Every structure is written in structure tokens, then in C-alpha cells.
Amino acid sequence: MIRSEYIQLRMLVCEDSVKESSSRNDAQSIDHGLLAKDYIVYEDQLQFFALLARLDIRTSMDRLYESLCSRCSALQSEFSRLESAMSNGSYADVNDETTQRSIDILHEQIHWIVLLMGYTLADAGNSERVLIPASISEPSAASHDIEHDCVVQSIMHILKTLQFELMSPSSILAAYGSPLLAETLFWTLRRIVPVYFMVDVSDYRHMSPHIVSAFGRPTDGGNGLALIENILEFIRRAFDLWTSEEDVLQMCVDMLLAFAQRSSIARPITQSIKFASLMMYFTSNIARFPVSIHGSMVEALASLCSHSSSEDHERAFSELKSLILMNIAQVVQDPSFNQCRQDSQVISRLLDGLDMLDGIVASANFTNMHMLFDLLFEVQPFFEQMLSIYSRDQEVPCKIIQIVESAARFCDISSLPDNEHMARFSLNVRTILQKYQQSQDMIRSGQSDTDMDTLSRITTLTLAISHLVRNEMGFAPNELERSISHEVSDSFGETEVFGLYCIHTTTTDIQITAPNVMRVYMQLLSELVQFRLPSLIRWLPANTWQAVVSMLLAGIDNNIHDVEQRTYEAISKLGAYIKIAGVQGVSPEVQQIFQQGIQQFLSKLFSALLFSPFDSQLVEPAGTALVMLGLVDSEHMQNCFRNMLQDKSAAVAERLTAVFANFKHSLESCEAVQLFLRSSGPIPEPIDSAALRQPLFEFLVSARAVVRVK
């Protein structure tokens, strides 16, 4: 009952929305079209509908299938009427507002029916591989035959609807097509195809023979490969018909990316003549398509080609590489480049080439890793030249940093053949960061913009260093236990520390403390303190250490859970290093910064834990940091306690003194604390927070209870 009512409601809303949009002026219609996609805005409703539909999948899918068939038939009738009118010369009589409105309503209704089908038939699967739910496969298997299988027939009708919608661009009826519906059909197929097509029957205890027959592998007697080849043809037709519709084309590219993520689909696709034809079509006509999709298009093609044979893969990679270099090397090496470097077309070509390079880097896997590193080494001189030439601009330098971020994230440094190549990669990244820092110095001139583009740039730079740290460190607990040579480890350490220096010299404190930036910044700082503390001590200048201390103080006051947690972890690590390893080799200026910073951390933590509202989940990391700092500077810890007693009555002061004495005794007798104090080594581990849980909670509960006494 609820399912039927919701479908009926949606159909009525479609009618009202079309009538309403036809009565709005053009500007309002444009604004309305900029809203988020229906599958995002109404995701909760669609998911709840899918849950209810799967309780009785046969009835639900029958109702959706009948609704889809009836409205597709009505749409075909409208198109047939228009086509007939064209042939007999009465087109002007039927080409009116009423006809257009009827077609728009049918398109909108089909759009919603297909969305409901997509959510019902398959889950999103953003984090793990999606399987066909038993609540769908079992009723499908119980169907009398494939013609009466509502699941199979619904998917087949979605394909037929897409085929009808993608009519020839030369047809005059193409003007009546709906890019929104085409996008929705591709979105739904992107959700369904990886789950149902080329299905591996060994993943299921019982699999519907109808699903296997309609969409399975050829070896299982299925027709899945032929249907996927048809989808490749649909993608090509969509690019011909909707050349300027970025959303439609991006969804087609997303479908190719979804194919690439399933080897059972990607491998046979790359052996298909249809894919070879599609690849040639894309590479030959890429200039016709919106620049915004070039990067993801190259990523999709590179990802799919990595599933082909070695010879075909190398040939395809070479074609994509030529496309990229044509927009980078060919432009930069042009003799007239210096004269026309500020020309908008020249900059657009460079940005397009960099975007495609970013896309191919994002396709990194073990089969193309060596080719990607060779390509990155090859374009390094062009990066340096562009950073020097466009030192007063933002777009080109920021795009290069985006490529560094992608390379650090997706390219496995350990796959490089030897230490020489690893050191070369590290040096290349450091050179890019140095030139980028110089260019930002020239254009920053003290400004502290907090617009979205500026914050996005800072976030990308910070993520680039963070990914580099995690990529280079691998599973090693710290820099001294790496399996690579000391020289290579030092090189990466210097690069990563310079990255932190670059962040602080190209941004302001106000920009870093913006919520999204602060998250990634504190993640990076925590990782550097965990993995690279000796390198930080060795290379980070005093003024940057002062900025780091300021950010840690801001992290204590921050209200974002993960920012606070990483702040406490970084403070604990830093305190452990100072207590055990010492700071004898550190400059007096940095030693003074550490001393003042530890006292500031102690004061803030002491006040926050005892007097402020506090997240109970953060008590352990914050308490561990407090204990660690107390071991480093016990005198200031005592001063904090004495300051707390100044305005208290004698009775309250006596009770607090007893609580503090009991806490101090608990720590002195704690085995984990004593084990830490006896530890040695260049990078000591902090005290086990689990061992401090009981004395910390007893101290905080008792102390907070006393200080709240009026």
C-alpha cells in the first residue's frame, strides 16, 4: 500500500513540477536546474522505498515495470505522432506547448520510475563489492520463465528505454530528448551492471538461472557480454547526441570507471572490437567534448586498458600519453611560448593537459605503475618551467600540486626499481614544492583569503604531503625502521618537512583553522610527529615550530572530534620524544619554543579536563597527553595545580590536594609509566593510554566533583 501510494505521489509531483517550471521565467528555471541531483536530494526516501519494495519484490517490481512500460509507450506514441506530422506537412499544428509539456511530464515520470528501480535492484556499494540480495534473486529464480521474471524484464526495459532515448543526432526528434533522463538511465545502469552483469555464480549459494541466462558470462550460457557491448555503443551515441551536456557525459565516463573496477567485466571488454572503436573515437574527438571531463575520461580509458594484454596496454597507454604531452610538452616547447604564455587558449591547453595527466595518474595500478612513474619523470622539467613562468598565477601551480597529491596517493613508491629512482622522485616533489612556495610568496603579499578556492588549494597541498608520508613509510612504525637506505629515507624526510614548512609559509593561521583544512592539517601533523619526528627536529626552522605549537594550541580548543584527538596524539608523541630522547642537539631558540609550548599545553589541558565540558571519548588521549607533559615539566604541573587552589576555600583546597596526591601516587605506581621512564631509543613510544584509564578517570571524576562545589 505504502509503495503504491509513493509511486502514485511521485507521478503527480512530476506533473506539478513540469507545469510549475513552464510558468517560471528563464532565470528561475536555470536556478532550479542547478539544484543537486534527485538521487542525492531524495536518497533517504529512495532507500526507504527500496527497503519496503524488497519485502515483496515481485509486487513492487511488477508495479514499477508496468508504470515504466505504460509511460514509455505513451512517449513513443508522442514521438510517432510528431514524426507522422513531419512527413505529411502538419508538424506546425502539433509542435505546440501542450505537446512539449506532455513529453516533459513523461520524461520526468520515467526518470523517477528508473530511479526507484535502481535503488530497489542494487545497493550503492561505495566501500565494498555489492551482491544481488537474496530477496531479489530468490523471487527471480521462482519465476515461471524468463519472460515473467520481473527483475530481468525491468533491467531489459531500462536498456530499451536508453536505446530509444539515444536516437540519431541527425533526427529532428532529437531536440525532444531529455538529457536528464539519459543521465538517470546511465546512473541506474552504473549501479546495476556491476552487480548483475557477468555475475560470478560461485559467489552465491543459489543464483537465479534467469539472471545468469540474461546477464551472465558467455561460459555460463549468459548474454552479459553482448549487452555490455551494446552499452558501449550507447555511450558512444550519448557522446554524439549530448556533446555539450557535461552531466550526461560524466555519467557515461563514470560507467566506464565502474566497469574498470570489476575485472570480470573489464577483461572481456578490452578484448571487444566495440571497445577498440570507442577508444579510437574518444582519442580522436576529445577536443569536441567538454574540458571538464577530459581528466576522468583518460582515467577511465587507462583503467580499462590496464586489464588488456601487455602489448595492447602499452599501445593504449602510449596513445593517452601522446594526448597529454600534446597539451603540455608541445605547448611549453613551442618557440613562441614565452610570447603567448598569457594567452587564454595557451593556458587552457596547459590546464587541460594537466587535468588529463591527473586522470591517468589516478588510474595507477600494478600493471601501469612503472609507465606512470616514467611519465612523471618525463614531465618534471615542464612542471618546473610552468611554475617559474606562471609564478604570479594560481591555476597552473595549483593544478600541478593536484597532480603531486594524486601521485602521492595512487602511485606506490615502493614499486620504483631502486633507491636512485626513489630519491629522484623525492627530489622532484621537493623541487615542485620549492618553486610553488616561491610563486605563492610573490602573489600572497599578506592576504588571508578564506574563499573556497583558496581553502581547497591549501587542503590539496596538505593532503599531498600527508599521502606522501603514508605512501613512503608503508608499514614501518617510524623513519628509523624503514627497509630503504638511510639516504633515501633522509631525502623523503627532508621533502615532507619542507612540505610542512611550505604550508605555513604560503598560508595564514586563519586559513589553516578553517574546519576542513584543520582536519587534514592536524592529520598531517600527527603523522609527521609519529613517523618523522627526528626529521622535524633536524630540518624544521624555529619560526615554523612556533607556528606548529600555535596550531596544536588551536587544536586543543577545537570542537571537531578527530582534530582534538589527533592534537592530543601529536602532543603525547612530542612529549615522549622530549622526555626520553632529549633536545640536546636542538638550537636554543627551538628549545625555548618547546619549553614554552609544553607549559602552554599543560595549562590548557589542565583547565579543559577539570573545568570545561569535555567529550568522554577524548579523555584517554587528552589525559595521556597531560600525564606525558607532566613528566616532562613536573614543576609547571605543580604550578597549574597551585593556581587552581588560589581562589578555593581551605576545605576544598584540602580535598583537591588529597585528590591530586592520590593521582600522583597512582602514576608513580603505574607499571606502564615506569616502563616508559625506563625506555630508551631515538623514537620512544608514549605511555599506553589503556593503562592510564583507571587513574585518569578516578582523578577527573573526583577533581571535577570538588571544583564544582559552590
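**Buried sites, cavities and salt bridges**

Thr188 sits in helix α10. The model is a predicted one, and in it Thr188 is buried, with a relative accessible area of 0%. Leu116 lies 9.2 Å from Thr188, C-alpha to C-alpha, although 72 residues separate the two in sequence.

Just past that helix comes Met198, in the loop between α10 (179-196) and α11 (209-215). Its backbone stands out: Met198 is not a glycine, yet has a positive phi of about 55°. Most residues other than glycine have a negative phi. Despite its place in a loop, Met198 counts as buried, because its relative accessibility is 3% and the cut-off for buried is under 20%.

Turning to internal space, the count comes to 5 cavities of 30 Å³ or more. The largest cavity has a volume of about 100 Å³. Three helices each give two or more residues to the lining of this largest cavity: α21 (369-389), α22 (395-410) and α23 (419-444). The lining is made up of Leu376, Phe377, Gln380, Phe383, Ile403, Val404, Ala407, Phe425, Asn428, Val429 and Ile432. By residue class, that comes to 9 nonpolar and 2 polar, with no charged residue in the lining. Gln380 and Asn428 are the polar ones, since neither belongs to the residue types that count as nonpolar or charged.

On the outside, a nonpolar patch is formed by Ile2, Leu52 and Leu55. Together these three residues have about 320 Å² of accessible area. Ile2 belongs to helix α1 (residues 2-23) and counts as exposed, because its relative accessibility is 60% and the cut-off for exposed is over 50%.

Salt bridges are next, and the model has 21 of them. One of these pairs Arg470 with Glu527, with the closest N and O atoms 3.1 Å apart. Arg470 lies in helix α24 (residues 452-473) and Glu527 in helix α27 (residues 515-531), so this bridge ties together parts that are 57 residues apart in sequence. The two partners fall into separate burial classes: Arg470 is partly exposed, at 35% relative accessibility, whereas Glu527 is buried, at 7%.

Helix α24 also holds Glu472, which forms a salt bridge with Arg532, the closest N and O atoms being 2.7 Å apart. Arg532 is in the loop between α27 and α28 (533-539), so the pair ties together parts that are 60 residues apart in sequence. Here both Glu472 and Arg532 are buried.

A further bridge joins Lys604 to Asp557, where the closest N and O atoms are 2.6 Å apart. This pair also links distant parts of the chain, with Lys604 in helix α31 (residues 588-611) and Asp557 in helix α29 (residues 542-557), 47 residues apart. Lys604 has a relative accessible area of 30%, so it counts as partly exposed. Asp557 is partly exposed too, with a relative accessibility of 48%. Elsewhere, Lys37, Glu183 and Asp247 are joined into one network by salt bridges that share partners.

Key. Residues are numbered from 1 along each chain as its sequence is written. This is a predicted model: local features need pLDDT of at least 70, side-chain atom pairs count only at pLDDT 80 or more; totals for chains, interfaces and linings use all residues. Side-chain values use heavy atoms; hydrogens and water are left out. On a 1 Å grid over the protein atoms alone, a cavity is a set of points where a 1.4 Å probe fits but cannot get out, and a pocket is an open set with protein on both sides within 12 Å along at least five of seven lines; lining residues have an atom within 4 Å of a point. Grid points are joined across faces, edges and corners, and a volume is the space filled by probe spheres set on the points. Helices (H or I, at least four residues) and strands (E, at least two) are DSSP runs, numbered from the N terminus. Buried means under 20% relative accessible area, exposed over 50%, partly exposed in between (1.4 Å probe, protein chains only). Patches are made of residues with over 30% relative accessible area and no salt bridge: like charges are joined within 9 Å, nonpolar side chains (Val, Leu, Ile, Met, Phe, Trp, Tyr) within 5 Å. Accessible areas come from the Shrake-Rupley method with a 1.4 Å probe; for residues, only the protein chains shown count as cover. A salt bridge is a side-chain nitrogen of Lys or Arg within 4 Å of a carboxyl oxygen of Asp or Glu.
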